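Subject: A structure for you to look at

Hi there,

I'm passing a structure on to you, and I'd like you to have it open while you read the rest of this email. My notes on it come straight after.

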There are 6 protein chains.
Amino acid sequence: MARPTDTTRRNAATGEPYHPHLEPRYREIATFLRAPLAECLDDLDIALVGIPFDGGVSNRPGARLGPREIRNQSSLMRSIHHVTRQDPFAQARIADIGDVRFSSVYDLERVSNDIAAHYRAIHQARVLPLSAGGDHSVTYPILRGLAAEAPVGLIQVDAHTDTWDEFQGSKFHHGGPFRLACEAGLIDPRRTVQIGIRGAQNTAQGWDYSDATGMRVMFMEEVEALGIAAVVAEARRVVGDGPVYLSFDIDSVDPAFAPGTGTPEVGGLTSLQALQLVRGFRGLPLIGADVVEVAPPFDPNGNTALLGATLMYELLCLLAAQAEPK
Amino acid sequence: MARPTDTTRRNAATGEPYHPHLEPRYREIATFLRAPLAECLDDLDIALVGIPFDGGVSNRPGARLGPREIRNQSSLMRSIHHVTRQDPFAQARIADIGDVRFSSVYDLERVSNDIAAHYRAIHQARVLPLSAGGDHSVTYPILRGLAAEAPVGLIQVDAHTDTWDEFQGSKFHHGGPFRLACEAGLIDPRRTVQIGIRGAQNTAQGWDYSDATGMRVMFMEEVEALGIAAVVAEARRVVGDGPVYLSFDIDSVDPAFAPGTGTPEVGGLTSLQALQLVRGFRGLPLIGADVVEVAPPFDPNGNTALLGATLMYELLCLLAAQAEPK
Amino acid sequence: MARPTDTTRRNAATGEPYHPHLEPRYREIATFLRAPLAECLDDLDIALVGIPFDGGVSNRPGARLGPREIRNQSSLMRSIHHVTRQDPFAQARIADIGDVRFSSVYDLERVSNDIAAHYRAIHQARVLPLSAGGDHSVTYPILRGLAAEAPVGLIQVDAHTDTWDEFQGSKFHHGGPFRLACEAGLIDPRRTVQIGIRGAQNTAQGWDYSDATGMRVMFMEEVEALGIAAVVAEARRVVGDGPVYLSFDIDSVDPAFAPGTGTPEVGGLTSLQALQLVRGFRGLPLIGADVVEVAPPFDPNGNTALLGATLMYELLCLLAAQAEPK
Amino acid sequence: MARPTDTTRRNAATGEPYHPHLEPRYREIATFLRAPLAECLDDLDIALVGIPFDGGVSNRPGARLGPREIRNQSSLMRSIHHVTRQDPFAQARIADIGDVRFSSVYDLERVSNDIAAHYRAIHQARVLPLSAGGDHSVTYPILRGLAAEAPVGLIQVDAHTDTWDEFQGSKFHHGGPFRLACEAGLIDPRRTVQIGIRGAQNTAQGWDYSDATGMRVMFMEEVEALGIAAVVAEARRVVGDGPVYLSFDIDSVDPAFAPGTGTPEVGGLTSLQALQLVRGFRGLPLIGADVVEVAPPFDPNGNTALLGATLMYELLCLLAAQAEPK
Amino acid sequence: MARPTDTTRRNAATGEPYHPHLEPRYREIATFLRAPLAECLDDLDIALVGIPFDGGVSNRPGARLGPREIRNQSSLMRSIHHVTRQDPFAQARIADIGDVRFSSVYDLERVSNDIAAHYRAIHQARVLPLSAGGDHSVTYPILRGLAAEAPVGLIQVDAHTDTWDEFQGSKFHHGGPFRLACEAGLIDPRRTVQIGIRGAQNTAQGWDYSDATGMRVMFMEEVEALGIAAVVAEARRVVGDGPVYLSFDIDSVDPAFAPGTGTPEVGGLTSLQALQLVRGFRGLPLIGADVVEVAPPFDPNGNTALLGATLMYELLCLLAAQAEPK
Amino acid sequence: MARPTDTTRRNAATGEPYHPHLEPRYREIATFLRAPLAECLDDLDIALVGIPFDGGVSNRPGARLGPREIRNQSSLMRSIHHVTRQDPFAQARIADIGDVRFSSVYDLERVSNDIAAHYRAIHQARVLPLSAGGDHSVTYPILRGLAAEAPVGLIQVDAHTDTWDEFQGSKFHHGGPFRLACEAGLIDPRRTVQIGIRGAQNTAQGWDYSDATGMRVMFMEEVEALGIAAVVAEARRVVGDGPVYLSFDIDSVDPAFAPGTGTPEVGGLTSLQALQLVRGFRGLPLIGADVVEVAPPFDPNGNTALLGATLMYELLCLLAAQAEPK
């Protein structure tokens, strides 16, 4: 790993140098986790990326505003982890590289291509992406950008398997990215685990697809019965040793903790369980990660974006440890 | 059981047929659980009923708006249960029959009589009612309508025993329905279990009444210590084999999960515990059920009404299984 | 005009007849203005229609939830107008016919076709449509359904001329419906008036298009300087005697009065001005009207949906008077 | 007039004296306008009274929480008027005497009697009451307490005439207090003016009653057309020289300014118009005044209670000037 | 212990006596836990005190409004504990003595001195203080007032150790009170336990200080793994038999339960855990207690203030039992 | 004037160039008015500056979060003015230079010095500052930085004259900046106009100071009576031809339009009046301007920050026109 990014900034008027992490949290332009802004991928180990798109939702929209508000709340984050004392900013070169651009937000297939191209560029630069959605439809094109060479393992924390087929005439909606990824050979279903699944459905199609392809579906009831440590162990068993992508849909968490999402399902994870789950994956060879479905218009007290920001910090710790051998 | 209701609707302009469950959730007039509207009780197994009345509260009003908002949030519900794969809509003929009417919302005794008459008609039609309150005062007249023949067992999930006597000159308030029901011989106190009780009181009168009459009071501390499975077992032991009514007061749930209620008490059930509790009563011979005390004005993110709607779905699964042998 | 609709309903349990307008407002399933639900267009003069679509927005989404919440707030509406003592329900047969259906909410062109087909059916049945959006992109296909025979006049109350060209690769977004309608010969630009326009733009393209085609653009500053009576007079002069469509974008109103919209512009109409403006068009030969861009997720106290519902009532008065000679 | 109340308080721990008006606004127990609490009526000119009752509403409840929240927001009030430089606290002995007590909040007639007895005691002590509701049903019993000797004049600022007859089996609801007061000879209809009336109704009964008895009804359109100065002149002409009661229903104000109320009607007064209207009545021989229908659950930013508190301050200035000759 | 305070009040208008605990909760001036207001410390065992100061926060302000809103929500509290049946109001003389006064809210050192003087007076009167903050900076001067004779034990429930050094040029901020207290010999670090600690930090300075001085730091992960009973046992072991102060920072609780605070950290205690933790300290020789960092502007549904009020009630039970031998 | 800033940005991953103004508004890091970020003052005509400080408030805090949220809402702004067709970005080199830094947020005098130094540097670089507060105490040190050479004229739009003396032991609070500025010879009181003043006060001290020094105080009642055009004329008469600073306190606007502020006063300006007032000052030789007292915690629907952003855009148009001759 290269030397960490110099995060020192200078006061534009006075030239005075300062460190953004040591400023009051309400100061400064809001970037992800108070990381520096980067205008290119040079000299980076980890890129923090926003994907402000929610054109794939089937229910309540608003996740397009997710990256903006996660950036805002992430100013509350700090650097040294209270359990591990790890400081990702001391380990890796990290920057906020802004948001994905879209040539047409009204065309799901073009959006998918824009996102894929964006992540292909990041992947080619050998930078690890940590992304904030946007709705869950964005993870399929992320995987198109990162996993074109060979299928990867997948840890998906979610209330829904997101392996449904066409809805309202499109396959590119937020209920189907992992069916698409599986069909495209981007993920290995036998190295895929889906954690926190719950809520009634109108057809069993998605659950059945996950089962039929060999994905390991851990419904919420199993998660609660086993406890997080056992869930982690089982998930690690499933994904094995190969490269893994981790996708965290905030609707896996109970709406008491994360109300700001498009398709809330009561009876989910607590925040503490969510944090412990993510921490459990330390050491896995991650090729990237995302936090999706944070919808600020349904989040009057900001808790959902704050949890999203905290999960990004936890994922950053995983990726920064991962970045080290580079 | 008869064949399920045909839930197909037709587009009023084009005549095109469609199934409401398969539409985007934000489409359509809001009915309970996207069930069809019925204008009479013919050909129904289960009636979904709203009781928009909160004249019996002792503290913050607003539950009169509960049925409206539960209907709204219940559009997020779907049909096939993720644990049991049961589809209540495939098992029973289910409809939203609208709200109870009141001859005078200003007179608690007349309201009680109006509700009793309404449920008497439902009962006589051999239809099972699943109701959304309204404050908890409504359960006494529901029982007047359903349990006139003989005392029934009662499963009451609640922060309060609601066995207090007169308050402010009336017995018909929301703190006393189960004392009234017991005095009127509508419930059998020895087949009555009260789950989730907590919060200080100014007199011990209600707790003492429950004890004195032989009701089984499970305070929240006992619920937490035993775990839901053991609570279910104990409750089933108490109610035995006879007919049972289930009344779910949303204030049994912690205000973090269900802030929208008139008399919140911190330190309650989680949503997941609430769902597991209800599911535990599968197979009991239920004569009806209700979810009460959802007060939308205190529910800025809609979580309480969403939980209320989900509990209605879980209760519907119990009732639909119950409806089958008919 | 035929006899008004019989709005009497019957209590499903007891069979008791009642009039929904005389019930407490929080009772009953929420339909537009407490009108009866209709399952076909027979025997109707005026159809109240929801268009829950916001896929055409360029900024904040949420208007797909508009019809649902306008229906909810419209329970506060009553029948006899306080200025004119007109009772539209006594003059015309009026029903809520539910929402437009979409074959694919992800494809703006198909949505446009679905809406056009819906309104074509309404138009062919000689029913006047009064619609609640949805974003403003829906008005172009409404006009496709209603104005195919010959260009109509247009009264557009709006903060934006909505005559912009392609954005993000599409012409079907909410900033362009009146350019499309003009190009398609559905509206006559010389019989078009745009009232309340304001807010900076990144290009003058839309304003220029309105000017170039001869539309009468009344910026907010002119509206305020002239006063509503003079604005009405000028608008009536512009549209003349022929058939007219009236489209009311709620963002014409100041965000203090109508915060719940996707592209708010401060410095707009007051509610009182908005009501007086609509009332001023009594007697014009309207072929339909709509209220669009109500976005409930940004409307924490419900004022925007309440204003939307009140505007629907005022428009209903115009249409019911209009329906009379039929 | 006697010497003003000594408003000095003492710090309970240190004994240090201080003046509550000069403290930071967020300090101290919340009393109306930071007035001292009184436990009896001795040595008072003006009593500030809360009436936390909303059992008379026909729509959304919540006004029972009005006195609490008006007290809270009224800490923002200060003493010297910015237009007149009047300081009511220097002119009159003023105290918050707490809330009316109810023997039964569930019985509208007993509530009416409790309120009447409360105001009879205040009236007999020759103290002028300035009250905060509560719903508008409370003004009838206030008048029973204050105007038993002879009919008084009435200035009613309101969206509704509140002269309707029985609703849902009761005459004591918030839509009828002035019909009751008129029938009971407590107000003189020819000395009654109703300002700001608007909104459709299901029957014209209330408007007709006001007309038939000779009340002067100023609909909102007339108010807007005339301007506040002319409205004041007309109202003063109507009430003449005799004793007058002033009742201010917050729903007279537009919901943009006062969303927190049970029956909002768009298109109302601005706050500035409301203040100017009240100020216009300086010098009239007022026997008391009230501000009613502030419903905090519908007031997410507190504006309605703040306006209610400011109106109480303006009314206090009228009453304090009135108290002087005593 | 002396006889409990006579909590009877009299209606100011009618002279009628009543007991505030038996009134509807929304009636009456809001005092802490509906206790009587006291104007001096005579005849008191326990003083309820507000400290409306948040000048020491490092992030989001608002806790200055905490005492006001905790008083408001505490009207929901009642007297008899549902687990122990203890009635603190029957055991001790309890009053709300109002808020601490400040000579300058802009000068942290003077504020510290004002608070210290206030508590010195309370301590000298042999009254036990139960306080509501305000930010956590207030606990240092409270300890200056109470623990001047000898270092006391400390139970601190908190997400942060609050043992950081100077920030932004001051030592008197809310991140450092326990370092100051330790340096000043007010607390014994070996009799100090910090429970619920979590969240990343930019330096490990505070954690290191706690470790170096021998404080027992129980991070949230340990709390969750041990369970509350074991945490209580460990805390009791640490503090031993001597006098103890208990300080409860509401940010120890998860933001799902307590969003209204300045520095929220996801993954904290549940409300039920918080209550059980406090109850576990029954019988310890407490010299006072506080609940701090409730910030109402971030608490849209009031849950945080309600939890704060409930914690005050639980602490009052501890103190009242404690007050008995006096 | 130099050539406008090149506002083109490049996508960090793909290198693709784009113009931020033409992107969807929810994309991108939030800067003031979507201006580029600058790290020094070189090549700038106008600097957009945030001052996240609210330590000077006397009542409700929260304005420290103002710059963050105004940046967020300002993404809704665009470039070409709808009345004048002016495009400030085509006229001047404009950048967001971030926030003022503080050496100690807890010491009002040091904060004042930090701000003064910041603006001195801007002034020396011959850049015009357009600032977003923060509370109004910041304008005194801004003037220290900009007006050290000679007293300037002042246009202050505000509900309060902010010419009070010491409060709570300090002169540096938000109620006194213009007294300090006057005493320090930074503003010429005879060239000072204060517009929109209203609300009761506990002493007349501030009003008297304004009068005694010859400031022109336009109370809200005068503003409403004259109309905005006449107010503009009078203000221009007062300030004459010399250099002028314009300070806009958002509390001048009515809380219906701008609820998110610390000391709201009902009965203020409308948004439209506020915009027209600012526009009226086109052509005056401005040395800078600010918008202060936007407090997001009290702004649940974002209207206040949106109005603040729009006012910044209007002020930018004034300054950009002003920048031209350079």
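Let's begin with how two of the chains are related. Turn chain A by 180 degrees, with 0.0 Å of shift along the rotation axis, and chain A superposes on chain F with an RMSD of 0.0 Å. That is how copies related by a two-fold axis behave. Please keep in mind that this is a predicted model.

Where does chain A come nearest to that axis? Look for A30(A): its C-alpha is the nearest one in chain A, 3.6 Å from the axis. The two copies also use the same surface, since 100% of the contact residues of chain A recur in chain F.

Some other pairs of chains do not touch. Chain A and chain D have no contact, and their closest C-alpha atoms are 11 Å apart. Chain B and chain F have no contact either, with 11 Å between their closest C-alpha atoms.

Now zoom in on a pair of helices within chain A. Helix α8(A) covers residues 228-239 and helix α9(A) covers residues 271-279; they pack at an angle of about 35 degrees, and their axes lie 9 Å apart. Their crossing is right-handed.

Which residues meet there? From α8(A) come I228(A), V231(A) and V232(A), and from α9(A) come Q273(A), Q276(A) and L277(A). Sorted by type, the residues of this contact are four nonpolar and two polar, with no charged ones.

Have fun exploring, and write back with any questions!

Best wishes

How values were computed
Residues numbered from 1 in each chain as written. Chains lettered and ligands numbered in written order. Predicted model: local features only at pLDDT ≥ 70, side-chain atom pairs only at ≥ 80, totals over all residues. Axes fitted to C-alpha atoms, helices over the stretch in contact; angles between N-to-C directions. Helix = DSSP H or I, 4+ residues; strand = E, 2+ residues; numbered from the N terminus. Left-handed = near helix turned anticlockwise from the far one by under 90°. Contact = placed C-beta atoms within 7 Å. Nonpolar A, V, L, I, M, F, W, Y, C, P; charged D, E, K, R; others polar. Least-squares fit on C-alpha atoms with pLDDT ≥ 70 in both.
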